[in-house]
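Q: Could you walk me through this model piece by piece? I have the sequence and the coordinates open beside me.

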Amino acid sequence: MRIRRARCHDRDVPEQTTRRPQTISYPASDVRSARGALEPADPHVIVLFGATGDLARRKLLPGLAHLAASELAPDIRVVGTSLEDLSDEEFREFARKAVVEFGSHSLTQDQWDKFDDNLVYVPQTAGPEPLAAAVAHAEAQLGPEALRLHYLSVPPKAAVAVIAMLRNAQLVERSRVVMEKPFGTDLASAIELNNTVHQTFAEEQIFRIDHFLGKEAAQNILAFRFANGLFEPIWNRNFIDHVQIDIPETLGLDERAGFYEATGAYKDMVVTHLFQVLAFVAMEPPTALEPRAISEEKNKVFRSLLPVDPSQVVRGQFAGYTRLDGVAPDSDTETFIALKAGLDNWRWAGVPFYLRTGKRMAEGARIISIAFKEAPRSMFPLNSGVGSAGPDHLTFDLADESKVSLSFYGKRPGPGMRLEKLSMQFSTRETERAGDVLEAYERLILDAMRGDHTLFTTAEGIESLWERSQPLLDNPPEVKPYQAGTWGPNAIHQLIAPHAWRLPFERAWREKK
């Protein structure tokens, strides 16, 4: 069934629910456009919804503490809010323990004391008035130039209620809002969610976050492609055989099983993470390194994505999943998914993109692997070793420590012509600026304060992906069992044939000595 849409905010939305927000706080001239221009941002009050949740504890509070102690962020005040009834002192102790346990940067006592002084807490059950009063008090400390950043670290179902609370508290003006995934569960729900949010916030105020794109290695793809004349000429169907985006996880689900039961690996990971990474790999050169140009090229990739074919998808479920709390005994939810995707454009026509992710797998990794076509004819004898280790590969490791590797065949020292696979590797740890690496959430929060949408998802982009996902959502293949600690169901090998999965690696990354 097609959904009738009207044009609004440069995107497609249903006619009957569209209403343009009355306040648009950030004209285009106010948005920092170039990622290379690190102008200082204005002072910010950060309202952290879900401030006592797992994401806030593991990533957001440690990240905010590091940003506040660095010279990168502006002067900030943090107003935490959640369902728990805590005092300011109890919330500060919660934040301190989070920074100690999960922070990747050590803070001096003076740095912590300064951050601690700027933390306050308002129970969400208190309603909009106390929240508005806390924000007003923080703004009075920062001065008239203070802006607001609302971070919605809440379940998707709670996002609409939080948006309504911000509207009732009159905290929409001079504000931006960061929203966590997933952004809907299909095309209809994504459109409905976007329409609801657009009734309060304009599109330029909304930052749909994907922390994968905040990683140093993900941005290194853009630098690698567009700053080097060596690779861009061969970044197309004439030279690239296939692409793999492989993000296995060793973690299980623990307390998240109830949430995951209604979501599954495809909605949780592929739409919001793997397809976003695919766009960085496949996009055309933008006209400038600025948010609008890069978002448009990413959206072109999403528009050219072929509908996901259920016959080219392998769904799996690890043994023991149905025994977890909150999971139905006959659950058909996938904890693993692998699929073959394609793009219908001149650069990539005919090049398969293989995507894989899952829980309780053999290793945890975040790998993008570009396989180049082999030479059309080999002059080397059959026993020379050429081709024995597969094609040449360019590999990006999306772990927090950015790594890039280029593998190729070279002559083995000694008599005769015997070839073996060699590699050139790079790691940010090997540079003098290794200490400058920001964690993904730190970078994205800083970008949101600066109004930089480069690494965020647009309404048009997310709706395009759900539209192309509909064939799979309507007719998902049966889940296949796999044992925890493996690489998924055996059917993944037929999916990728005649190629092979690169993980597990045939060689390990070299470590700096």
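Q: How many bridges join strand E11 and strand E12, and in which sense do they pair?
A: Strand E11 (residues 336-341) and strand E12 (residues 353-358) are paired in the antiparallel sense over six bridges, where pairing requires that DSSP finds at least two bridges between two strands. The element names are DSSP runs numbered from the N terminus, with helices (H or I) of at least four residues and strands (E) of at least two.

Q: Which residue in E12 is the bridge partner of Ala338?
A: Arg356 is the bridge partner of Ala338.

Q: Before I go on, what should I know about the source of these values?
A: This is a predicted model, in which local features need pLDDT of at least 70 and side-chain atom pairs count only at pLDDT 80 or more, while totals for chains, interfaces and linings use all residues. Residues are numbered from 1 along each chain as its sequence is written, and side-chain values use heavy atoms, with hydrogens and water left out.

Q: And what is the mean pLDDT of the protein chain?
A: The mean is 85, and 86% of the residues reach 70 or more, on a scale from 0 to 100 that gives the predictor's confidence in each residue. Over residues 1-37, however, the pLDDT is below 50, although this stretch has 91 contacts in the model beyond near neighbours in sequence, a contact being heavy atoms within 4.5 Å.

Q: Back to E11 and E12: what is the order of the nine strands in the open sheet?
A: The order is E16-E15-E14-E13-E9-E12-E11-E10-E17, and the pairing is mixed. At the edges are strand E16 (419-427) and strand E17 (480-482), each of which pairs on one side only.

Q: Which strands does helix H9 lie across?
A: Helix H9 (residues 264-282) lies across strand E9 (240-248), E11, E12 and strand E13 (367-372), and runs at about 145° to E12; axes here are lines fitted to C-alpha atoms, for helices over the stretch in contact, with angles from 0 to 180 degrees between N-to-C directions.

Q: What about the sheet of six strands, what is its order?
A: That open sheet has the order E5-E4-E3-E6-E7-E8, with parallel pairing. Strand E5 (119-121) and strand E8 (206-208) each have a single partner strand, so one side of each is left without a neighbour in the sheet.

Q: Which strands of this sheet does helix H1 touch?
A: Helix H1 (residues 54-69) packs on the sheet and touches strand E3 (44-49), strand E4 (76-81) and E6, its direction making about 170° with that of E3.

Q: Is Ser153 buried or exposed?
A: Ser153 counts as buried because its relative accessibility is 13%; buried means under 20% relative accessible area, exposed over 50% and partly exposed in between, with a 1.4 Å probe and protein chains only. Ser153 is in the loop between E6 and helix H5 (156-168), and its contacts, leaving aside neighbours within four places in sequence, include Leu48, Phe49, Gly50 and Glu180.

Q: Where is Thr454, and what does its side chain contact?
A: Thr454 is in the loop between helix H11 (440-450) and helix H12 (459-474), and counts as buried at 1% relative accessibility. Its side chain makes a polar contact with the side chain of Asp452 at 2.5 Å; such a contact is a pair of N or O atoms within 3.5 Å, where within protein one must be able to donate a hydrogen and the other to accept it, and residues adjacent in sequence count only if both atoms are side-chain atoms.
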